[in-house]
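Here is a brief report on one structure. The sequence and model come first, followed by the ligand surroundings and the fold.

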Amino acid sequence: MSKTWYPVIDYEKCTECGVCTYKCSHGVYDLKKVPTPVVLMSENCIHGCRGCGKLCPSGAISYLGDSMMLNNHCDCSCENGGGCCG
Ligand code: SF4
Ligand code: SF4
């Protein structure tokens, strides 16, 4: 869980394809707003996870707290199950 790491959407770049909202298995995005990515539960985001950002075709996702990262380790506990980090 993280309140210091979560996606920030650049709506100038976002094409509302919805890929990021489908990718996240942690309930960070508001599913009622799909395909528009709206961060609803930022505290559910896994520190260091870049799963949604890696898939964004528009480069519209950055992460609050990114500049504070000391390494690229993802704390996600579903690394082998949920696949959110891939
Ligand atoms: S996919 Fe990862 S980085 Fe993106 S919102 Fe979900 S937990 Fe956070
Ligand atoms: S993957 Fe990128 S372009 Fe697609 S909805 Fe998410 S932020 Fe927007």
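## Ligand shells and fold

Ligand 2 is surrounded by 15 residues, and those that come nearest are Cys 14, Cys 17, Val 19, Cys 20 and Cys 56. This is a predicted model. The shell around ligand 2 holds eleven nonpolar residues, three polar and one charged.

Ligand 1 has twelve residues around it. Cys 24, Cys 45, Cys 49, Gly 51 and Cys 52 are the closest. Eight residues of the ligand 1 shell are nonpolar, two are polar and two are charged.

The table sets out the make-up of the shells.

| Shell | Nonpolar | Polar | Charged |
|---|---|---|---|
| Ligand 1 | eight residues | two residues | two residues |
| Ligand 2 | eleven residues | three residues | one residue |

Now the fold. The chain contains two helices and two strands. Read from the N terminus, the order of elements is β-α-α-β. The chain has 86 residues, and 24% of them are buried. Contacts in the chain with a separation of 6 or more were also counted: 63% of them join residues 24 or more positions apart.

One residue from the ligand 1 shell deserves its own paragraph. Gly 51 is among the closest residues to ligand 1. Gly 51 belongs to helix 2, which spans residues 51-55. Is Gly 51 buried or exposed? Gly 51 is buried, because 23 other C-beta atoms lie within 10 Å, and the cut-off for buried is 20 or more. Cys 24, also among the closest to ligand 1, sits 27 residues from Gly 51 in sequence. In space, the C-alpha atoms of Gly 51 and Cys 24 are 7.3 Å apart.

Conventions
Residues are numbered from 1 along each chain as its sequence is written. Chains are lettered from A and ligands numbered from 1 in the order in which they are written. This is a predicted model: local features need pLDDT of at least 70, side-chain atom pairs count only at pLDDT 80 or more; totals for chains, interfaces and linings use all residues. A residue is near a molecule or strand if its C-beta atom, placed from the backbone, lies within 6 Å of it. Ala, Val, Leu, Ile, Met, Phe, Trp, Tyr, Cys and Pro count as nonpolar, Asp, Glu, Lys and Arg as charged, and the others, Gly among them, as polar. Helices (H or I, at least four residues) and strands (E, at least two) are DSSP runs, numbered from the N terminus. A residue is buried if 20 or more other C-beta atoms lie within 10 Å of its own, exposed if 12 or fewer, and partly exposed in between; C-beta atoms are placed from the backbone. Two residues are in contact if their C-beta atoms, placed from the backbone, lie within 7 Å.
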